[in-house]
Amino acid sequence: MELSLLINLFDVPGCLVVLNPVGSGNVNDTFNAIFRNTFDEHQVILQKINRKVFPEPEAIMRNLRRLTVHAHPKLLAEEEKQTADRVWQMPMIVQTKDKKDFYTDEDGQLWRVITKIPSATAFDSAQGTEHALECGAVLGHFHWLVSDLPTEQMVEPIPGFHVTPRYLRQYDETVENSSRAKELLRASTEVRRMEMFINERREFAYTLQQAMDRGELKLRMMHGDPKVNNIMIDNFTGKGTAMIDLDTVGPGLVHYDFGDALRSICNHAGEEESNLSKVVFDMNLFESFCRGYLRQARQFMTDADREYLYDSVRLITFELGLRFFQDYLAGDIYFKTQYPEQNLNRARVQFRLCESIESKERMIRESLAKL
Ligand code: GN1
Ligand code: MG
């Protein structure tokens, strides 16, 4: 079905004037749409959920419904009491004209429409320490928002998503069974160096899971993908207003979120840099983010939680590098690519960032202890 016909199945007031693909995003197909009528305008986002990544997209939509039913009243109450220093926002599901949360097309693909946060921007990299602080505040506020959403009400969007040892197993299977992987390992010293990099960190990969098994860390609700361009900043006030990309919200360790946000915010070079000397972990941005985050998260963080903050930054960076590398070896099955070695390059960037984090361990730990 043509996209313009498809979006018209959803209940957005007005006439469609623009429908444009959105470039970023490694997983789903995303489009911006604007509907207008005489006196106002509605901006929405149309998305096709990637079935290769999300085995049950219908479950994603049930999650999103539960999440919004839980969070919207909390947000409204905050707004009414005017206890916050801003109006926090959150995307909303736009139903189809026959009142469904999504539409399944003739090929079995799931399409959904959500509202766009108006007058706000999600940047691809940190704009400075103020921005980093706001990103921290948004993630902290989001964690507070979902901290009382019972974990059993939400399903894991991708089974074992952000369980680092699982990615290690997946990687081992690829190395063992894929002839492409074997060939790449044989032919390239760099690929072998990356294999070594992973092997040196095998034990470390279990850190957070073991802390959870010992009962030191608790399963809570997490966002799952809180990178810098999933954090909306108000165009006029410069304050953070919302977390977007809510598909990966589910039960997990908030540590993975904390680390994931930092690994993306504190690396000016971004995930696609080809000049590795530009990939460094920026301590100023780190400190600003943490101040913003802890201001909100103090309400639920325990001492044990704090113990593992350094590890979480190092671990999620390692994990993402491992995921990119495994996908490269397997033949670019999971992450979308525009050129043949893109996933290899993405892995290089994350591994370099991981080294930069490791080299700053003492500084990071000291700075966390002061907060
Ligand atoms: C993927 O598609 P996107 O950009 O929202 C991935 C995240 C990674 C991210 C890295 C479901 O997110 O885990 O951190 O790429 N999402 C999924 O850019 O795997
Ligand atoms: Mg995402």
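This passage describes the surroundings of ligand 1 and the two largest pockets in a predicted model.

Ligand 1 is surrounded by 17 residues, with Asn26, Lys227, Glu271, Arg323 and Tyr334 the closest. By class, this shell comprises eight nonpolar, three polar and six charged residues. Several polar contacts involve oxygen atoms of the ligand. A polar atom in the side chain of Tyr334 is 2.5 Å from an oxygen atom of ligand 1. For Asn26, a backbone N or O atom lies 2.8 Å from a ligand oxygen atom, and for Asp245 a side-chain N or O atom lies 3.0 Å from an oxygen atom of ligand 1. On its own, ligand 1 has 440 Å² of accessible area, of which the protein covers 95%.

The space that ligand 1 takes is the largest pocket. The volume of this pocket is about 930 Å³. Its lining consists of 47 residues, and those closest to the pocket centre are Gly25, Asp225, Lys227, Asn230 and Asp245. Two or more lining residues come from each of β2 (29-36), β3 (41-48), β6 (110-115), β7 (120-121), α8 (254-265) and α11 (309-330). The largest contribution is that of α11, with five residues. The lining contains 21 nonpolar, 14 polar and twelve charged residues.

The second largest pocket has a volume of about 570 Å³. Among the 23 residues that line this pocket, Gln89, Met90, Thr115, Lys116 and Pro118 lie nearest its centre. The elements β3 and α2 (57-81) each give two or more residues to this lining. The lining of the second largest pocket is made up of 13 nonpolar, six polar and four charged residues.

Methods. Residues numbered from 1 in each chain as written. Chains lettered and ligands numbered in written order. Predicted model: local features only at pLDDT ≥ 70, side-chain atom pairs only at ≥ 80, totals over all residues. Heavy atoms only, no water. Near = heavy atom within 4 Å. Polar contact = N/O pair within 3.5 Å; in protein donor to acceptor, adjacent residues only side chain to side chain. Areas by Shrake-Rupley, 256 points an atom, 1.4 Å probe, with all protein chains shown as cover. 1 Å grid on protein atoms, 1.4 Å probe; cavity = no way out; pocket = protein on both sides within 12 Å on 5 of 7 lines; lining within 4 Å. Sits in = over half its atoms within 2 Å of the grid points. Nonpolar A, V, L, I, M, F, W, Y, C, P; charged D, E, K, R; others polar. Points joined across faces, edges and corners; volume = space filled by probe spheres on them. Helix = DSSP H or I, 4+ residues; strand = E, 2+ residues; numbered from the N terminus.
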